[in-house]
Amino acid sequence: ISVNRSRDHGRSWSDGEPTSINRGIAPNITQLKDGTLLIGVTRFDEEYETWRQYQLVYRSHDDGKTWSDAITVARHDSRQPNEGDMVELSDGTIVCYMRDDQAGVTNGLKAFSRDGGRTWSSLFGSGPWVYAGRPAVGLLSTGEILLTTRVGPPQAGHWFGAYLETPRQALEPTGLEEPVTAGSIARLIDNDTNRERPDRGY
């Protein structure tokens, strides 16, 4: 995995800088309020030939020049957490929202860290549908958390959706099979039926 940098608000970019992270899917980098960088990485169980997915994170204190060893965010026997994106709440808690490719499930996943991403909670359920493609999460000026994701079951899988919840709702330890937190808001935004794109609904 390489890091590219921009010093002109994204108009131009440096060449890639190799990191010590040598494999995995890394859809995001999150910067904490203290400057720490977190990069979420999905790995597969190649060594056991099961190809089950799990979520890791790496930390950097020097603007991405060096990275920590892998830290496990979530690994589970009956779920497949992956492609996680992270947001830091006002109290410093980090919530990682994750895709799940396990057959038959009906919601997304989340886990919490209260020490800057060094350790993580158990895995919890999140949202009213499967997060079927690269969750992207941010903190609004209201303090609410807005998550967008490709929408999986019970929809057809081509939808793009948004999910809004408060920090209190985000931090509830929702069971893996429990219904969505009362008071949260979920909306289907668009049904992408363009079959020319390999990843529809992003």
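**Covered strands, a cavity and salt bridges**

User: What makes both faces of β9 count as covered?

Analyst: On one side sit G108, K110 and F112, on the other L109, A111 and S113, and all of them are buried. Buried means under 20% relative accessible area, with exposed being over 50% and partly exposed in between (1.4 Å probe, protein chains only). That's six of six residues, hence "mostly covered" for β9. Strands here are DSSP runs of E with at least two residues, numbered from the N terminus.

One caveat: this is a predicted model, in which local features need pLDDT of at least 70 and side-chain atom pairs count only at pLDDT 80 or more, while totals for chains, interfaces and linings use all residues. Numbering starts from 1 along each chain as its sequence is written, and side-chain values use heavy atoms, with hydrogens and water left out.

User: How do you know that β9 pairs with β8 and with β10?

Analyst: Two strands pair if DSSP finds at least two bridges between them. Strand β9 (residues 108-113) has three bridges to β10 and five to β8 (residues 94-100), so both pairs pass the cut-off. Both run antiparallel. K110 shows up on both sides: it stands opposite F124 in β10, and Y97 of β8 stands opposite K110.

User: Why are β7 and β10 called edge strands?

Analyst: The open sheet runs β7-β8-β9-β10, with antiparallel pairing. β7 (81-88) and β10 (124-126) each have a single partner strand, so one side of each has no neighbour in the sheet. Neighbouring strands are turned by 35° against each other on average, direction ignored.

User: What makes the empty space in this model a cavity, and which residues line it?

Analyst: A cavity is a set of points on a 1 Å grid over the protein atoms alone where a 1.4 Å probe fits but cannot get out; lining residues have an atom within 4 Å of a point. The search of the whole structure turns up one cavity of 30 Å³ or more, and the largest holds about 40 Å³. Its lining is N107, K110, G125, S126, G127, Y163, E165, T174, E178, P179, V180 and T181. β10 and β13 (159-165) are the elements giving two or more residues to that lining. By class, there are three nonpolar, six polar and three charged residues.

User: Why is the contact between D63 and R5 called a salt bridge?

Analyst: The rule asks for a side-chain nitrogen of Lys or Arg within 4 Å of a carboxyl oxygen of Asp or Glu. D63 and R5 come to 3.2 Å, N to O, so the pair qualifies. D63 is in the loop between β5 (53-60) and β6 (71-74), R5 in the loop between β1 (2-3) and β2 (17-18), 58 residues apart. At 40% relative accessible area D63 is partly exposed, whereas R5, at 16%, is buried.

User: How do you know that R134 and E83 tie together separate parts of the chain?

Analyst: R134 is in strand β11 (residues 131-139) and E83 in strand β7, so their salt bridge joins parts 51 residues apart in sequence. Their closest N and O atoms are 3.6 Å apart. R134 is partly exposed at 41%, and E83 is buried at 7%. Both belong to a salt-bridge network with R99 and D101.

User: What makes R168 exposed but E172 partly exposed?

Analyst: R168 has a relative accessible area of 55%, while E172 has 27%. Their side chains meet in a salt bridge at 2.8 Å, N to O, and the structure holds eight salt bridges.

Notes:
Helices (H or I, at least four residues) and strands (E, at least two) are DSSP runs, numbered from the N terminus. Axes are lines fitted to C-alpha atoms, for helices over the stretch in contact, and angles run from 0 to 180 degrees between N-to-C directions. On a 1 Å grid over the protein atoms alone, a cavity is a set of points where a 1.4 Å probe fits but cannot get out, and a pocket is an open set with protein on both sides within 12 Å along at least five of seven lines; lining residues have an atom within 4 Å of a point. Grid points are joined across faces, edges and corners, and a volume is the space filled by probe spheres set on the points. Ala, Val, Leu, Ile, Met, Phe, Trp, Tyr, Cys and Pro count as nonpolar, Asp, Glu, Lys and Arg as charged, and the others, Gly among them, as polar.
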